[in-house]
Amino acid sequence: SAADRGWLRYESMASWQGSFEISKIGCMERSHITESALRELQYGISEMFGVLPELLDSSDTLTTDCIRLAVVQEELPPELDAASWAQELNEEGYVLKSFSDNSTAIHSLYVVGKTDKGLLYGAFHLLRLLQMGEELRDLHIIENPKNQLRMMNHWDNMDGSIERGYAGRSIFFKDHQFVQDDARIRDYARLMASIGINGIAINNVNVHEVETRLITPEFLPDVAKVAGIFRAYGIKTFLSVNYASPIQLAGIATADPLDEKVAAWWKDKAQEIYSYIPDFGGFVVKADSEGRPGPFTYNRTHADGSNMLADALEPFGGIVIWRCFVYNCLQDWRDRKTDRARAAYDHFKPLDGQFKDNVILQIKNGPMDFQVREGVSPLFGAMPHTNQVLEFQITQEYTGQQRHLCYLIPQWKEILDFDTYAKGAGSEIKKVASGELYSYKYSGITAVINVGDDHNWTGHTLAQANLYGYGRLTWNPDLAEEQITSEWIKQTFGSNPEVLEAVSTMLQDSWPIYESYTSPLGVGWMVNPDHHYGPNVDGYEYSRWGTYHFADCHGIGVNRTVKNGTGYTAQYFPENAHKYESLETCPDELLLFFHHVPYTHVLKSGKTVIQHIYDTHFEGVEGVETLIRRWSKLEGQIDSERYQGVMERLEGQLAHSKEWRDIINTYFYRKSGISDELDRTIY
Ligand code: BDP
């Protein structure tokens with residue numbers, strides 16, 4: 001297809017000199033998924049090494065040098081000790097193992113999955129190693145994904161638009177129909193499977209009139225077609241559903257979860273959906289949030305609401321992913337006790353233990369909304385009896401909308417490594433997500449994806465790194481940032497050391513740079529309302545949405561302390577509650593998220609808040625200049641299409657970072673009346 005290949009680029013390489021045979025592949029187990037694995041290996045190897053691997057007849061696989069794909073139950077050479085693999089591997093795990101049989105002089109590479117899905121992931125792992133030009137002698141790799149649900153959420157609408165999408169139109173929908181050409185969807189499934197994604201919700205959490213009909217025979221055949229493409233790559237299909245569907249689709253007078261007609265309607269509906277898609281994943285639900293319908297209308301709780309749907313899906317193994325982005329947007333901004341940051345915890349924590357075991361609460365990483373910096377959601381770890389899934393935002397709604405470079409892996413790693421202290425030290429968020437902390441039945445990580453039908457998928461070519469890195473981290477949250485970064489660069493741009501060095505430095509520096517010229521010290525927002533692009537210090541200050549900075553002529557920040565603020569800090573376990581409550585121990589980067597301070601307050605860095613604002617905003621712009629300098633050295637070392645595309649975005653970022661700098665600095669200069677110590681130009 002016409003799309004950029006992303007990290008599945010498979011540039012042609014020197015001819016193969018490795019220690020095993022790549023021109024033959026054996027695979028006895030046959031399923032749609034193993035067919036995909038075979039196809040991927042044949043394609044990747046032929047692109048890279050110019051040989052199209054021959055598929056062996058099953059009788060030859062044990063007696064010929066080859067890449068041998070298998071599942072653990074098959075008959076394997078006894079030396080491989082497949083019995084211990086069967087123990088060590090989880091359902092999606094795999095082994096890559098070089099094997100030389102001295103008596104027969106056969107050298108093979110075994111890719112063995114616990115299931116065909118593991119086998120597919122193993123094949124992609126092998127392709128990654130080949131693409132990175134690794135030495136593949138004596139391979140013995142055992143991999144298990146750490147997270148059970150490794151999902152993507154699309155915010156695609158059926159008119160083809162994408163809510164918070166910055167890379168073109170939907171790859172699934174156009175003009176209220178499914179797109180006819182599915183080549184792009186297939187390539188997308190390949191990219192997702194290569195990083196271990198196993199569940200995708202294809203439509204926006206804001207379900208409008210048309211998308212409500214996705215669960216009817218009008219569209220179910222199309223959904224089933226997409227599900228078929230995904231299935232061959234080990235991915236389950238999910239749909240976002242409208243809580244008020246029984247009203248809209250069946251003319252029932254109510255959507256009350258305790259009404260028998262409503263419950264019966266959903267049961268029939270589930271049965272109908274599964275008749276089209278036997279392995280349908282389940283529903284994603286945004287209820288009672290930002291104008292969406294939900295159980296509140298009927299004075300029912302979110303446990304009532306989600307359990308009713310869960311009952312309907314249970315006989316088929318489906319799950320309900322219920323979002324916790326619920327806050328009362330009509331709060332009175334003069335009453336700081338109604339702090340929006342408190343909302344999810346106040347609302348959901350008391351319901352712990354009331355949810356069915358096929359309900360999962362989906363919680364955004366922070367209590368506000370995917371800001372460049374905010375505290376982590378105190379709900380993580382706070383609900384031992386309720387399945388939880390962590391939600392990230394890959395699409396850069398508040399982090400430059402894929403026109404600015406902002407590599408989010410460092411941010412996500414900080415969040416995953418955050419210690420909640422829920423069960424004492426060592427209760428990191430990654431252990432909540434992996435189910436290790438509370439042995440949840442279902443848990444994992446999901447994210448709002450950043451792709452559209454732009455040629456390069458993500459608008460900014462370097463934003464592909466966020467997509468890739470999200471998948472890799474979701475597979476294994478302990479992977480080092482440097483490893484993820486270099487894997488992506490080598491696969492995407494080849495192994496030229498200069499490119500590797502420049503691009504990794506750019507990626508690594510980009511989040512701090514973005515943070516420094518936008519809203520300071522964790523206070524967040526300061527963006528233009530609605531589209532959220534560009535600076536507007538008071539854009540949301542007087543709205544009802546609960547997103548304030550409280551800047552006046554004396555100071556700035558949101559007092560979320562127990563002592564005399566909103567009391568939000570008490571939602572954390574004591575170690576974190578104390579750390580954030582006290583000005584002495586609250587980290588600088590979150591100071592204004594937790595405290596209201598005078599502009600002359602001295603940070604741990606030794607600077608006053610106001611001087612910090614001025615300095616970081618000048619430094620941020622210089623940071624973008626450095627990004628441009630680094631990138632410009634790569635001219636001629638990267639194809640000109642990708643070189644130019646990124647350069648144009650960087651130049652736009654530079655101009656826009658100056659706008660941010662000038663607006664923020666001017667605003668605070670005027671509010672505070674305090675001059676810049678270095679006397680730089682502030683308008
Ligand atoms: C906010 C977005 C909005 C989404 C909402 C959500 O601005 O478009 O609908 O989150 O997550 O970040 O439901």
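Reader: Why does Tyr568 count as buried?
Author: Tyr568 has 0% relative accessibility, and therefore counts as buried. The label needs under 20% relative accessible area, while over 50% is exposed and anything in between is partly exposed (1.4 Å probe, protein chains only). Tyr572, at 7%, is buried as well. The model is predicted: local features need pLDDT of at least 70, side-chain atom pairs count only at pLDDT 80 or more, and totals for chains, interfaces and linings use all residues. Residues are numbered from 1 along each chain as its sequence is written, and side-chain values use heavy atoms, leaving out hydrogens and water.

Reader: How many aromatic pairs are there, and what makes two rings a pair?
Author: There are 41 aromatic pairs. Rings of Phe, Tyr and Trp (its six-membered ring) pair if their centres lie within 6.5 Å; planes under 30 degrees apart are stacked, over 60 edge-to-face, and the rest tilted. Phe178 and Phe219 stand 6.3 Å centre to centre with 45 degrees between the planes, and therefore form a tilted pair.

Reader: Where in the chain do Phe178 and Phe219 lie?
Author: Phe178 is in strand β9 (residues 177–178), and Phe219 is in the loop between α5 (209–212) and α6 (220–231). The two are 41 residues apart, and the pair links distant parts of the chain. Strands (E, at least two residues) and helices (H or I, at least four) are DSSP runs, numbered from the N terminus.

Reader: Are Phe178 and Phe219 buried or exposed?
Author: Phe178 has 5% relative accessibility and therefore counts as buried; Phe219, at 1%, is also buried.

Reader: What makes the pair of Tyr568 and Tyr572 edge-to-face?
Author: Their planes are 85 degrees apart, at 5.4 Å centre to centre.

Reader: How do you know that the charged end of Arg184 sits over the ring of Trp457?
Author: The distance to the ring centre is 3.9 Å. The term requires NZ of Lys or CZ of Arg within 6 Å of the centre and within 35 degrees of the ring normal. Trp457 also belongs to an aromatic cluster, whose members include Phe178 and Phe219. Arg340 is placed over the ring of Tyr327, again 3.9 Å from its centre.

Reader: Which residues come nearest to the ligand?
Author: Glu163, Lys286, Arg323, Asp369 and Glu397, out of 13 around the ligand.

Reader: Why is the approach of Glu163 called a polar contact?
Author: A polar side-chain atom of Glu163 lies 2.4 Å from an oxygen atom of the ligand, and the term takes a pair of N or O atoms within 3.5 Å. For Asn206 the distance is 2.9 Å.

Notes. Near = heavy atom within 4 Å. Polar contact = N/O pair within 3.5 Å; in protein donor to acceptor, adjacent residues only side chain to side chain.
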